[in-house]
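Hello,

Here is the structure I promised to pass on to you. Please open it first, and then read my notes below with it in view.

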Amino acid sequence: MWIVLAFASAFFAGVMSIMAKVGLKNTDSNLATALRTVVVLVFAWTIVFITGSYITLKDVEIKSVIFLVLSGFTTGGAWLCYFKALKTGDVNKVVPIDKSSVILTMLLSMFLLGEEFSIVKVCAMILIGVGTYLMIERKQIASDESKGNKWIIYAILAAVFASLTAILGKVGIEGIESNLGTAIRTIVVLIMAWFIVFIQGKHKEIKNIDNKSWLFLGLSGLATGLSWLCFYSALQQGPVSIVLPIDKLSILVTIAFSYFFLKEKLKKLPLLGLTLIITGTLALLF
């Protein structure tokens, strides 16, 4: 069941990237992150009350709360960096860098969480790493850097924070219902996102957001909520070193949507890279 949930998480995460890209077109990335988080928060707590998970709130241990809060902070950091990168960089370039967090997460899960170390996992990490490298067009990156764009740095930071989120989240949801854990984390992300928005004075731009941006930011928030619920339910039942790589197959959905809706096309080398990433991820299932 956790494998099915991990694939569902990947699908919704892929949809989220495209919806967010469209919603970010005329909106500040930090403000967009804060607005999306409101949707996620409402959705997450609605699920908690529908399923009756709130009843177990009084039984949550301090350790779980601490790690969920830390996971919320790293999630906020990952989101802010990811959407900052997505604002100025192409989806097909930002997403592969962000998805490289799977390699760091697999290493941390083996060394910090004591998950099984195997030749298959090592081979999978190599395939995913090489695939990610091939998907990043270096000529385009060099051109972007010469123009002063910082999306590459933000994409790398997003990957690091995403990796820490998975590790901290795995520890945090032990002994707690996964939907409730997701809802608690979302509160932290919401506070962090809006704190940054108010510090920067971006809240004043809310009145300038057009209807199309509102729609797609709302849809991306809903997709995020669904992805999170599936991801942390899978994470509670399965090993991080396998759940996260499956979740990162969202890149398939993202690239498919970017091709049909954003007209972003993959060249032969990035396509080979995508094939290696898929091969490495599927190898983990065996």
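A residue is called buried when its relative accessible area is under 20%, exposed when that value is over 50%, and partly exposed in between. Please keep in mind that this is a predicted model.

By that cut-off, D28 counts as buried, because its relative accessibility is 13%. D28 is a good place to start, as this residue forms a salt bridge with K202. The closest N and O atoms of the D28–K202 pair are 3.8 Å apart. If you look for the two partners along the chain, D28 sits in the loop between α1 and α2 (29-51), while K202 sits in the loop between α9 (178-200) and α10 (211-237), so their pairing ties together parts that are 174 residues apart in sequence. In general, side chains can pair when they have opposite charge and their charged atoms come close.

How many salt bridges does a search of the whole structure find? The search turns up two. Besides the D28–K202 pair, there is a salt bridge between the side chains of E205 and K202, at 3.7 Å from N to O. Through shared partners, the salt bridges join D28, K202 and E205 into one network. Unlike buried D28 with its 13%, K202 counts as partly exposed because its relative accessibility is 23%. E205 is partly exposed as well, at 31% relative accessibility.

Now to the helices. Two packed helices are described by the distance between their axes and the angle between those axes. I have three pairs for you to find in the viewer.

- α2 and α9: their axes come within 8 Å and cross at roughly 155°. These two helices are therefore roughly antiparallel to each other, and their crossing is left-handed.
- α6 and α13: helix α6 covers residues 119-135 and helix α13 covers residues 268-283, and the two pack at an angle of about 160° with axes 7 Å apart. They are therefore roughly antiparallel to each other, with a left-handed crossing.
- α3 and α9: the axes of helix α3 (residues 62-88) and α9 come within 8 Å and cross at roughly 50°. This pair is therefore oblique, and the crossing is right-handed.

Next, a look at the surface. Which residues form a nonpolar patch there? The patch is made of I3, F7, L282, L285 and F286, and together they have about 480 Å² of accessible area. One of them, F7, belongs to helix α1 (residues 2-23). F7 counts as partly exposed, because its relative accessibility is 33%.

For a contrast with F7, turn to I246. Is I246 buried or exposed? I246 is buried, since its relative accessible area is 0%. You will find I246 in helix α11 (residues 240-247). From I246 to G280, the distance in space is 10.0 Å, C-alpha to C-alpha, and the two residues are 34 residues apart in sequence.

If you want a short route through the model, begin with the network of D28, K202 and E205, go on to the crossing of α2 and α9, and finish at the nonpolar patch that includes F7.

Best wishes

Notes: Residues numbered from 1 in each chain as written. Predicted model: local features only at pLDDT ≥ 70, side-chain atom pairs only at ≥ 80, totals over all residues. Heavy atoms only, no water. Patch = residues over 30% accessible without salt bridge, like charges linked within 9 Å, V, L, I, M, F, W, Y side chains within 5 Å. Areas by Shrake-Rupley, 256 points an atom, 1.4 Å probe, with all protein chains shown as cover. Salt bridge = Lys/Arg side-chain N within 4 Å of Asp/Glu carboxyl O. Helix = DSSP H or I, 4+ residues; strand = E, 2+ residues; numbered from the N terminus. Buried < 20%, exposed > 50% of the residue type's maximum accessible area, 1.4 Å probe, protein only. Axes fitted to C-alpha atoms, helices over the stretch in contact; angles between N-to-C directions. Parallel < 35°, antiparallel > 145°, perpendicular 65-115°, else oblique. Left-handed = near helix turned anticlockwise from the far one by under 90°.
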